[in-house]
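Please look through the structure below slowly, one part at a time, and keep the sequence beside it as you read. The paragraphs that follow begin with a pairing between strands and then move outward to the whole chain.

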Amino acid sequence: MHTLLRRLLRRPRRPWTAATFLTAVALLASGFTVLSASGAESGCRVDYTVNQWTGGYTAQLKVTNLGPALTSWRLTWTYAGDQQVTSAWNATVTQTGSSVVAVNTNWNGSLATGGTADFGLQGTWRSSAPAPVDFALNGVSCGGTGTPPPTTPPPSTPPPTTPPPSADCGSAVICSGFEDQTGTTPSGAWRFTAPDCQGTGTAAVDTSVAHGGGKSLRVDGRAGYCNHAFVAATADLSSVGPVMYVRMWVRHTTALPAAHVAFVSMPDSSQGGRSLRVGGQNGALQWNRETDDATLPAQSPTGVALSRPLPTGSWQCLRFAIDTSAPKLDTWLGDEQVPGLHADGVPTQDVDQQWLARTTPPRPTALRLGWESYGTGDDTLWFDDVAVGSSPIGC
């Protein structure tokens, strides 16, 4: 990191103000490193932001194409330390020795001139972990001029990549904004339920708060062990897959507590009907498996730091993908894939080893939205624009 600071101070043609210098020193001291490699007109720019702790790190990369439009991209770099990539999101990342290659997904490969793509990765290190400086996009150095490889199609060629998921859920098995509800009590395709036991929590159709349209589902959740209040969709989800995609907009009033709570519960046939749950613990989002109470991420300082809180007082788009053929899943809050809520089958200490101890893939059969608390934690929640299907569903 000290080497990076010296390089930044020697960089020509970019005078530094006192505020800029202090910002850089603060970032380096805090464990966050921001590296920008800028190329000339036909090159690229990479912003590399790393959160590092003893033995591990996550990095967020933003690639800006400064050359002709691309229909696919391949970013390469070399680690000067002993970093090892263990997982990635929004790109396919492979490592051979110290050389790393990141390739676009099927929906973020198109990069117009000036366009950007974001992806992230997680890894480990032992003795040193300096930020890389030799980024290249499709073989063109981000630190100098160059010409894109001849295999790159001309800008006029229509991009063959799949666009980002649409917010329109179309023919999904569940596609509901609750506009078909005719009273205050959930009915038709949605029914109140209290799995295991019922307390004082309630649920109703709300016409005063909505994300889209004029109605939403409101749940007044109450604290206390086994105080369950959910609204269940009557749709059978047992044949959705092989990857089940779920999208919902959720709003709530009270920050997630330190104690375990859940607001999404899915009966899981691989657990004999027990639930696969989404909720919170230690103030951050988490997955929970009822059979063994395993959580993702692990409730360690490292694991919790890789999750995110669920912001209060505003609508949030929550999405997840559950692989029913392998013990893998992904979770997005808005357009950000949450690193700690990502399982790719490769164990990461203090993050997903407990979750991956069970190798049987999940097979959710239904969807329930509501609230259950195992200690403290009242909350009022609203759900809207809920969708479940076999294809990605965007915000």
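Two strands are said to pair if DSSP finds at least two bridges between them, and the strands themselves (E, at least two residues), like the helices (H or I, at least four residues), are DSSP runs numbered from the N terminus. With these terms in hand, one can look at strand β8, where G120 is the bridge partner of Q60. That bridge belongs to a longer pairing, in which strand β3 (residues 56-65) and strand β8 (residues 116-124) run antiparallel and are joined by nine bridges. Strand β8 also pairs with strand β5 (residues 84-89), again in the antiparallel sense, over five bridges, and here V85 has G123 as its bridge partner.

Before going further, it is worth knowing what kind of model this is. It is a predicted model, in which local features need a pLDDT of at least 70 and side-chain atom pairs count only at pLDDT 80 or more, while totals for chains, interfaces and linings use all residues. Residues are numbered from 1 along each chain as its sequence is written, and side-chain values use heavy atoms, with hydrogens and water left out. The pLDDT is the predictor's confidence in each residue, from 0 to 100; the protein chain averages 83, and 84% of the residues score at least 70. Over residues 1-42, however, the pLDDT is below 50, although this stretch has 65 contacts in the model beyond near neighbours in sequence, a contact being heavy atoms within 4.5 Å. Residues 144-162 also stay under 50 in pLDDT, and for them the model has 28 contacts beyond four places in sequence.

Taken as a whole, the protein chain has three helices and 25 strands. Of its 395 residues, 50% count as buried, where buried means under 20% relative accessible area, exposed means over 50%, and partly exposed lies in between (1.4 Å probe, protein chains only). Among the contacts in the protein chain with a separation of 6 or more, 70% are between residues 24 or more positions apart.

A second group of strands can be followed in an open sheet of five, whose order is β6-β7-β4-β9-β10 and whose pairing is antiparallel. Strands β6 (92-96) and β10 (140-141) stand at the edges, each with a single partner strand, so one side of each is left without a neighbour in the sheet. Strand β4 (residues 74-78) pairs with strand β9 (residues 136-137) over two bridges, with L75 standing opposite L137. Strand β4 is also joined by five bridges to strand β7 (residues 99-103), where S99 stands opposite T78.

What, then, does strand β15 (residues 229-233) look like in terms of cover? Five of its five residues are buried. In a regular strand the side chains alternate between the two faces of the sheet. In β15, A229, V231 and A233 point one way and F230 and A232 the other way, and all are buried. Strand β15 runs antiparallel to strand β12 (residues 190-193), to which four bridges join it, and R191 has A232 as its bridge partner. Strand β15 also pairs with β24 in the antiparallel sense over four bridges, where the partner of A229 is W371. Strand β24 (residues 368-373) also holds S373, which is buried, with a relative accessible area of 0%. Leaving aside residues up to four places away in sequence, S373 touches R222, A223, G224, Y225, C226, N227, H260 and V261.

The last part concerns nonpolar and aromatic side chains. A nonpolar core is a set of buried Ala, Val, Leu, Ile, Met, Phe, Trp, Tyr and Cys residues joined through side-chain atoms within 4.5 Å. The largest has 43 residues, of which F263, W287, F320 and L367 touch the most other members, while a second, separate core of 28 residues includes V46, Y57, A59 and A102. A search of the whole structure finds eight aromatic pairs; rings of Phe, Tyr and Trp (its six-membered ring) pair if their centres lie within 6.5 Å, with planes under 30 degrees apart counted as stacked, over 60 as edge-to-face and the rest as tilted. The rings of W287 and F320 have centres 5.1 Å apart and planes at 80 degrees, so this pair is edge-to-face. Because W287 lies in strand β19 (residues 284-289) and F320 in strand β21 (residues 316-323), the pair ties together parts that are 33 residues apart in sequence.
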